[in-house]
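Please look over the sequence and the structure shown below before reading on. The report that follows takes up a few residues and then turns to the chain as a whole.

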Amino acid sequence: RAQYETLQQLIDQRNEFVAGVLHDLRSPLTGILLNAGLLRSGTTLPATVRAKMLDDITASAQRVGAFANRFLEQRSLERAAMKAGLSSARSLPGQS
């Protein structure tokens, strides 16, 4: 029973984490798409504006990369916790 509750907590935490990451990804992806669309449109823009837009795209892409790294880190932690939980369950008296 305790193991089930622990696993359920991990699942709930993961679901909350994924929802947060997906929410956080929307903003940088929107910025990337808007800036890239404007740059591709052929609209004449001053060099300083184009440079700023490219900087924004780069910064947003880095944010997306950081979110992806956090997600992968979380998955790794979950796997380790689940393996530890399974190992503990196997080592309980009366369990094989």
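## A buried serine

Leaving aside neighbours within four places in sequence, Ser60 is in contact with Pro28 and Ile32. The model in which these contacts appear is a predicted one, and the values in this report should be read with that in mind. Ser60 itself belongs to helix H2, the helix that runs over residues 47–90. Is Ser60 buried or exposed? With a relative accessible area of 11%, Ser60 counts as buried, because buried means a relative accessible area under 20%.

## Two neighbours in helix H1

Asn35 is found in helix H1, the helix made of residues 2–40. When residues up to four places away in sequence are not counted, Asn35 touches Met53, Asp56 and Ile57. The relative accessible area of Asn35 is 14%, and Asn35 is therefore buried, given that the limit for this class is 20%.

Leu34 also lies in helix H1, and Leu34 counts as exposed, at 55% relative accessibility, because the exposed class takes in residues over 50%. Although Leu34 and Ile57 are 23 residues apart along the chain, their C-alpha atoms are separated by 9.2 Å.

## The salt bridge

How many salt bridges does a search of the whole structure find? The search finds one, and in it the side chains of Lys52 and Asp56 meet, with 2.7 Å from N to O. Side chains of opposite charge can pair when their charged atoms come close. Both Lys52 and Asp56 lie in helix H2, where they are four residues apart, which is about one turn of the helix.

Neither partner reaches the buried or the exposed class: Lys52 is partly exposed at 48% relative accessibility, and Asp56 is partly exposed with a relative accessible area of 27%. Asp56, besides its part in the salt bridge, is also one of the residues that Asn35 touches.

## A positive patch on the surface

Which residues form the positive surface patch? The patch is formed by Arg14, Arg75, Arg79 and Lys83. Helix H2 gives the most to this patch, with three residues, while Arg14 has its place in helix H1.

Arg14 is partly exposed, with a relative accessible area of 34%. This value allows Arg14 to be part of a patch, because patches are made of residues with over 30% relative accessible area and no salt bridge.

## The chain as a whole

Turning from single residues to the chain, one finds two helices and zero strands. The chain has 96 residues, of which 14% count as buried, and Ser60 and Asn35 are among the buried residues described above. The chain exposes about 7400 Å², and carbon and sulfur atoms supply 59% of that area.

Contacts can also be sorted by how far apart the partners stand in the sequence. Among the contacts in the chain between residues at least 6 apart in sequence, 70% join residues that are at least 24 apart.

Note on methods
Residues numbered from 1 in each chain as written. Predicted model: local features only at pLDDT ≥ 70, side-chain atom pairs only at ≥ 80, totals over all residues. Heavy atoms only, no water. Patch = residues over 30% accessible without salt bridge, like charges linked within 9 Å, V, L, I, M, F, W, Y side chains within 5 Å. Areas by Shrake-Rupley, 256 points an atom, 1.4 Å probe, with all protein chains shown as cover. Salt bridge = Lys/Arg side-chain N within 4 Å of Asp/Glu carboxyl O. Lys, Arg positive; Asp, Glu negative; His and termini not counted. Charge placed at Lys NZ, Arg CZ, Asp CG, Glu CD. Buried < 20%, exposed > 50% of the residue type's maximum accessible area, 1.4 Å probe, protein only. Contact = heavy atoms within 4.5 Å.
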